[in-house]
Amino acid sequence: MACPVNHTASVELNPAILPLDWLLGTWVSDEPGEGCFPSIKPFRYIETLTFSHVGQPVINFMFNAFHAETKKPMHRECGFIRMQPGANKVAFIIAQNSGLVEIEEGELTAQQLNLQSQALARISFAKEPFVQKITRVFQLRPDGRLEQTVSMATDNQPLMQHLHITYRRSS
């Protein structure tokens with residue numbers, strides 16, 4: 001299944017997602033991000049994020065991560081972002097190539113999103129230990145770069161930072 005992210009420039013942005021217009025476009029990591037967790041070897045990665053719309057009250061997204069040195073594909077996520085009408089509440093609906101599906105909800109404050117998993121589901125043959133919680137922060141920095149920090153908890157590890165990366169807008 002592919003999550004289409006085609007953005008038609010002639011399609012007007014739905015007013016429901018106007019507070020998130022700063023996310024729209026393609027973002028490329030400006031230097032490798034760093035990933036670590038007690039159960040894996042630390043790694044560096046590069047990533048491209050694409051946020052687009054087709055005029056609906058939703059943003060489509062696709063995240064593609066690659067190993068910083070070998071350039072081999074690593075992790076992919078795709079999904080949708082919705083805002084609660086008349087509020088600053090935001091929801092991400094995410095499907096990951098690892099077999100994890102999640103709903104993250106949180107608050108939009110200025111140009112920062114603070115999200116926390118509300119529901120997690122996984123394929124029946126997912127690798128243990130199972131992810132139990134994810135938090136994610138997106139922040140548009142004053143220098144125009146986008147920063148993302150992801151924290152994770154599993155069956156046997158408490159919530160701790162897992163990923164950190166910054167991006168520059170490429171379109």
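How many salt bridges does the structure hold? The structure holds 8 salt bridges. This is a predicted model, and every value below is computed from it.

**Salt bridges**

Side chains of opposite charge can pair when their charged atoms come close. Three such pairs are set out here.

| Salt bridge | N to O distance |
|---|---|
| D30 and R145 | 2.4 Å |
| R44 and E69 | 3.6 Å |
| E77 and R136 | 3.3 Å |

Take D30 and R145, whose side chains meet in a salt bridge. The pair links distant parts of the chain, 115 residues apart. D30 sits in the loop between β1 (25-29) and β2 (33-37). R145 sits in the loop between β9 and β10. D30 is partly exposed, at 26% relative accessibility. R145 is partly exposed too, at 23%. Salt bridges also join D30 and R145 with R141 and D143 in a network.

R44 and E69 form another salt bridge. R44 belongs to strand β3, while E69 lies in the loop between β4 and β5. They are 25 residues apart, and the pair links distant parts of the chain. R44 is partly exposed, with a relative accessible area of 37%. E69 is exposed, with a relative accessible area of 51%.

Is the salt bridge partner E77 buried or exposed? E77 is buried, with a relative accessible area of 8%. Its partner R136 is buried as well, at 2% relative accessibility. The two residues form a salt bridge. E77 lies in strand β5 and R136 in strand β9, so the pair ties together parts that are 59 residues apart in sequence.

**Aromatic pairs**

A pair of aromatic rings is described by the distance of the centres and the angle of the planes. The structure holds 8 aromatic pairs. One of them joins F63 and F138. Their ring centres are 6.1 Å apart, with 65° between the planes. That pair is edge-to-face. F63 is in strand β4 and F138 is in strand β9, so the contact ties together parts 75 residues apart in sequence. F63 is buried, with a relative accessible area of 1%. F138 is buried, with a relative accessible area of 0%.

F138 has another ring partner, F92. Here the centres are 5.9 Å apart and the planes stand at 20°, so the pair is stacked. F92 lies in strand β6 (residues 89-96) and F138 in strand β9, 46 residues apart. This pair, too, links distant parts of the chain. F92 is buried, at 0% relative accessibility.

Which residues do ring pairs link into a cluster? The members are F51, F61, F63, F92 and F138.

**Around L113**

L113 lies in strand β8 (residues 112-122). This residue is buried, with a relative accessible area of 0%. What does L113 touch, beyond residues up to four places away in sequence? The list includes F92 and F138, which also form the stacked ring pair. R136 is on the list as well, and R136 forms the salt bridge with E77. The other contacts of L113 are L20, W22, L23, V90, E107, L108 and V137.

A backbone distance adds to the picture. L113 and Q148 are 35 residues apart along the chain, and 9.5 Å separates their C-alpha atoms.

**The largest pocket**

Rolling a probe the size of a water molecule over the atoms shows where empty space is left. The largest pocket has a volume of about 930 Å³. It is lined by 31 residues. Those closest to its centre are H75, S98, V131, M152 and H162.

What classes of residue make up the lining of the largest pocket? There are 16 nonpolar, 8 polar and 7 charged residues.

Several strands contribute. β3 (40-52), β4 (59-67), β5 (73-83) and β7 (100-109) each supply at least two residues of the lining. So do β9 (131-140), β10 (146-154) and β11 (157-169).

Some of these strands have appeared above. R44 of the salt bridge with E69 is in β3. F63 is in β4 and F138 in β9. E77 is in β5, and its partner R136 is in β9.

Conventions. Residues numbered from 1 in each chain as written. Predicted model: local features only at pLDDT ≥ 70, side-chain atom pairs only at ≥ 80, totals over all residues. Heavy atoms only, no water. 1 Å grid on protein atoms, 1.4 Å probe; cavity = no way out; pocket = protein on both sides within 12 Å on 5 of 7 lines; lining within 4 Å. Points joined across faces, edges and corners; volume = space filled by probe spheres on them. Helix = DSSP H or I, 4+ residues; strand = E, 2+ residues; numbered from the N terminus. Nonpolar A, V, L, I, M, F, W, Y, C, P; charged D, E, K, R; others polar. Phe/Tyr/Trp six-rings, centres within 6.5 Å; stacked < 30°, edge-to-face > 60°. Buried < 20%, exposed > 50% of the residue type's maximum accessible area, 1.4 Å probe, protein only. Contact = heavy atoms within 4.5 Å. Salt bridge = Lys/Arg side-chain N within 4 Å of Asp/Glu carboxyl O.
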